[in-house]
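Trainee: Could you take me through the aromatic side chains in this model, up close? I would like to see how the rings sit against each other and what surrounds them.

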Amino acid sequence: FFFFFFFFFFLKLSALQVLIHSPMKDLFLEDKIDVKDLDLVSEFSKLCKEMWMDHSLSSSSKVLDAINFKKKIGKINELYKDDEQKDSADFALSALNLMHNELNKIKNKEYFEKLICSTEDKMEECADLSWFKHKQRENSEIMDLWEGQFVSTFKCLDKKCENKSISFETFRSINITIPSKNRKQQVTLEDCFHHNFKVSDKLDKDNLWDCNKCNK
């Protein structure tokens, strides 16, 4: 086994390890992205190639220095300017967002109203249209790998109305908690999704939704 050490003592190693072991690395190892004139993306590309292609790192005594990557992020996002410990998930998402901004092919972003679908039989069509409009504003290799789309359906509880409103929202990360089970029971990723995303849920008084049809 070969061990690679990141000189990244002020952050949890998991953040950079996730990014540098993700399918995103292939974009840089196979030179699918032109990193010329791209500051942060160029630095990440350098890390990927040093990690996976530099055979001199095969010794446990070698160090992969990621300090410049962190410094470049700190210049853009002041939250990471100092050397204090930060949340690793937030750092990973911030790095993705900043690299996406450098790679985004859309420079002049057109404003689109949020798409609301009223019938389930048109939900797939609306989802495709919502995704298409999103790509008119955000379009990069980062998005292609990391983004997905949530669908939420709200139903009016008024018996005379029962109107449905279906909306769509993109995401680059999902925060999920691990359900508590007997220690002998195995918890799968599917268990986590079922635990965090209910099929249906009744909103409480602090999260009530105003029906766009009956206004109740």
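Mentor: Happy to. Phe193 is partly exposed in this predicted model, as its relative accessibility is 34%. Phe197 also counts as partly exposed, at 34% relative accessibility. The ring centres of Phe193 and Phe197 are 6.0 Å apart and the planes meet at 25 degrees; planes under 30 degrees apart count as stacked, so this pair is stacked. Phe193 and Phe197 also belong to one aromatic cluster together with Phe150 and Phe171.

Next, the strands. Strand β4 covers residues 148-155 and runs antiparallel to β5, with 8 bridges joining the two. One of the bridge partners here is Ile166 in β5, which is matched with Thr153. Strand β5 spans residues 164-171 and also pairs with strand β3, residues 116-117, in the antiparallel sense over 2 bridges. Ile166 turns up again there, as the bridge partner of Cys117.

Back to the rings: the count comes to 6 aromatic pairs. Among them is Phe44 with Phe69, whose centres lie 5.7 Å apart with planes at 45 degrees, so this pair is tilted. Phe44 sits in helix α3 (residues 39-52) and Phe69 in helix α4 (residues 67-76), so the contact ties together parts that are 25 residues apart in sequence. Phe44 is buried, at 0% relative accessibility, and Phe69 is buried too, with a relative accessible area of 0%.

One last ring to look at is Trp52: Lys25 lies over its face, 5.4 Å from the ring centre.

Definitions and conventions: Residues are numbered from 1 along each chain as its sequence is written. This is a predicted model: local features need pLDDT of at least 70, side-chain atom pairs count only at pLDDT 80 or more; totals for chains, interfaces and linings use all residues. Side-chain values use heavy atoms; hydrogens and water are left out. Two strands pair if DSSP finds at least two bridges between them. Helices (H or I, at least four residues) and strands (E, at least two) are DSSP runs, numbered from the N terminus. Rings of Phe, Tyr and Trp (its six-membered ring) pair if their centres lie within 6.5 Å; planes under 30 degrees apart count as stacked, over 60 as edge-to-face and the rest as tilted. Buried means under 20% relative accessible area, exposed over 50%, partly exposed in between (1.4 Å probe, protein chains only). A charge sits over a ring if NZ of Lys or CZ of Arg is within 6 Å of the ring centre and within 35 degrees of the ring normal.
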